[in-house]
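Open the model in your viewer and keep the sequence panel at hand. The stops below say what to select and what is found there.

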Amino acid sequence: MIDVRDTARMRMRYHVTTFGCQMNEHDSERMRGMLDALGYSEADSRAEADLILFNTCSIRESADNRLIAHLGEAKRLKREDPSRIVGVGGCWAQSLKDEVFERFPFVDVAFGPGQVNRLADFLLSDSLSAQGYFEFESFTGDLPAKRGRATQGWLQISVGCNCRCAYCIVPSTRGLEVSRPLQDLVAEARAMADDGVCEITLLGQNVNSYGRDLRPTRASFAELLGELDAIGGLERIRYTSPHPKDMREDVIRAHAELRSLCEHIHLPLQSGSSRVLRAMRRTYDRERYLDRVALIREYVPDVALTTDIIVGFPGETEADFEQTLEVVDAVGYDGGFTFLFSPRRGTEAATVTTGLVSHDVKLARMERLLELVQRRARERAQRFVGRTVEVLVEGESRTDPERLRGRSRHNKVVNFTGLARPGEFAMVSVTAATSQTLAGEERIAARAVG
Ligand code: SAH
Ligand code: SF4
Ligand code: F3S
């Protein structure tokens, strides 16, 4: 017999806004999958939703500020219709815990990244007010999926992080590292492939330390890559993010040997100064990082490398910053994300009071760094001009709806004219390249079958 509450839920609609990294994108897909399974349906806008959800990030202060602006709208909508439910999940919620309710009384439910399953308990409970869930309980990867794209999927291989980078809030929001069992991951990837997924991205805070905590049998990241590569139908495997300290030769070799592992590695540098890296507690120095890059290029000479760099970490001198510029110039990244250091509550770096870098100096350094990152990326991208690259089509080009957009195996965005449909592979002959994108034309005769 159907409960009255079940039929009421059938008419309930939800809306999810996602901030932050790809892990949050993944977690939001699982939230959607869980809500669909409960009988909810998705609304196009917050105003049309009975359940307004935010999946939050707290990595930098700018992330917090962006969220506060959105929460203002939820507050207004809740005032208009108090039966609406406002939920806040993710890292920002976890970092504030029950304080969320004191500071934002219109929030009905708050939960951390390890308690997304509890959202269901909350919605099924009789008391729909001010409940918080913050102890790690389960992988979001075990919840039902609702993929944003039919042919691309995320695979959550681990949660949490055992590192203690001095600037980073993630270990306190996502907890200690826990790996999902290897056979579960292989089964999930196989099910995705059977369902038409041809590109998967493995997710974890530190993917290449995967499996060390598994009992009774440990597993390694390279082993996992090998097992996934053997799955028919999976054409491309990507992962993010690896840590340079755990970038072992077996993983690097896998890039040369496994057909589906893409020729792209995101290898966060953070700083090119060994002194700053030590203060950041990154546990590698400039030499070790450059040695990893050399080994990667030995196995996969054409690999695309991208990175993350923080500017203005406490104590960073002009000489330290110049060392970062040197490394960027020497490595020649295909792209990079650059961030101004932002002190986060509860982190070691937020307690430092000496050697702080002024905002103006941070901005000036950022400008110099960006100029170099982009120049090197533009130079690197020229190697693709004249080549034919395989592109997995994602949809229309963002700037010109007459053209298509997709990504190459090197993770370059490619805008091109052609007839392929989203989810298909196209062979594109590249005619021009900027620091960010490639442009070209589809070679119809050479269309690959995905
Ligand atoms: N687990 C990933 C990092 C996730 S955070 C890894 O280790 O690579 C993504 C990036 O945000 C980091 O690589 C770092 O460059 C940046 N970041 C993290 N905390 C920051 C802070 N407090 N201020 C500025 N940038 C930060
Ligand atoms: Fe944060 Fe460092 Fe862990 Fe990455 S490795 S999530 S930067 S603590
Ligand atoms: Fe943000 Fe949490 Fe990801 S702080 S970057 S959503 S792990």
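**Stop 1: ligand 2.** This is a predicted model. Begin by selecting ligand 2 and the residues around it: Cys161, Cys163, Cys165, Tyr167, Cys168, Val170, Pro171, Gln205, His243 and Arg282. By class, this shell holds 7 nonpolar residues, 2 polar and 1 charged.

**Stop 2: ligand 3.** Now select ligand 3. Its surroundings are Cys21, Asn24, Thr56, Cys57, Ser58, Ile59, Cys91, Val170, Arg174 and Gln205. Here the shell divides into 5 nonpolar, 4 polar and 1 charged. Between which domains does ligand 3 lie? Domain 1 (4-133) and domain 2 (147-262) both supply residues to the shell, so ligand 3 sits between the two.

**Stop 3: the domains.** Colour the chain by its domain assignment: domain 1 (4-133), domain 2 (147-262), domain 3 (292-382) and domain 4 (385-447). For the pair at the end of that list, the C-alpha centres of domain 3 and domain 4 are 29 Å apart. Across this pair, 9 residues of domain 3 are in contact with 9 residues of domain 4.

**Stop 4: the six-stranded sheet.** Show the strands S1 to S6 as a cartoon. These 6 strands make an open sheet with the order S2-S1-S3-S4-S5-S6, and they pair in parallel. At the edges are strand S2 (41-42) and strand S6 (131-133); each has a single partner strand, so one side of each has no neighbour in the sheet.

Walk across the sheet one pair at a time. Strand S1 (residues 13-18) runs parallel to S3 and is joined to it by 5 bridges. To find the register, select valine 16, whose bridge partner in S3 is leucine 53. Strand S3 (residues 51-56) then pairs with S4 in the parallel sense over 6 bridges. Leucine 51 is the residue to pick here, as it stands opposite isoleucine 85 in S4. Follow the backbone from S3 through helix H3 (residues 61-80) to S4: this β-α-β crossover is right-handed. On the next pair, S4 and strand S5 (residues 109-111) are parallel over 3 bridges. Glycine 89 has phenylalanine 111 in S5 as its bridge partner.

**Stop 5: strand S4.** Select residues 85-90. Are they buried or exposed? In this strand 6 of the 6 residues are buried, so S4 is largely enclosed by the rest of the structure. In a regular strand, side chains alternate between the two faces of the sheet. Ile85, Gly87 and Gly89 are on one side and Val86, Val88 and Gly90 on the other, and all of them are buried, which leaves both faces covered.

**Stop 6: strand S10.** Move to strand S10 (199-203). With 5 of its 5 residues buried, S10 too is largely enclosed by the rest of the structure. Glu199, Thr201 and Leu203 point one way, while Ile200 and Leu202 point the other way.

Next, add the partner strands. Strand S7 (residues 152-156) is parallel to S10, with 5 bridges between them; glycine 153 has isoleucine 200 as its bridge partner in S10. S10 is also joined to S11 by 5 bridges, again in parallel, and threonine 201 is bridged to arginine 238 in S11. Show helix H9 as well: S10, H9 and S11 form a right-handed β-α-β unit.

**Stop 7: backbone exceptions.** Most residues other than glycine have a negative phi, and most peptide bonds are trans. The last selections depart from this.

- Arginine 215 and proline 216 are joined by a cis peptide bond, with omega about 0°. Proline 216 is in the loop between S10 and helix H9 (221-229).
- Threonine 240 and serine 241 are also joined by a cis peptide bond, with omega about -10°. Serine 241 belongs to the loop between strand S11 (236-240) and helix H10 (249-257).
- Glutamine 270 is not a glycine, yet has a positive phi of about 75°. Look for glutamine 270 in the loop between strand S12 (264-266) and helix H11 (274-280). Its relative accessibility is 7%, so glutamine 270 counts as buried.
- Arginine 281 has a positive phi of about 60°, and is not a glycine either. Its loop lies between H11 and helix H12 (286-299). Arginine 281 has a relative accessible area of 44% and is partly exposed.

Definitions and conventions
Residues numbered from 1 in each chain as written. Chains lettered and ligands numbered in written order. Predicted model: local features only at pLDDT ≥ 70, side-chain atom pairs only at ≥ 80, totals over all residues. Heavy atoms only, no water. Near = heavy atom within 4 Å. Nonpolar A, V, L, I, M, F, W, Y, C, P; charged D, E, K, R; others polar. Buried < 20%, exposed > 50% of the residue type's maximum accessible area, 1.4 Å probe, protein only. Helix = DSSP H or I, 4+ residues; strand = E, 2+ residues; numbered from the N terminus. Pairing = 2+ DSSP bridges. Right-handed = clockwise from strand over helix to strand, strands pointing away. Domains from an automatic or database assignment. Contact = heavy atoms within 4.5 Å.
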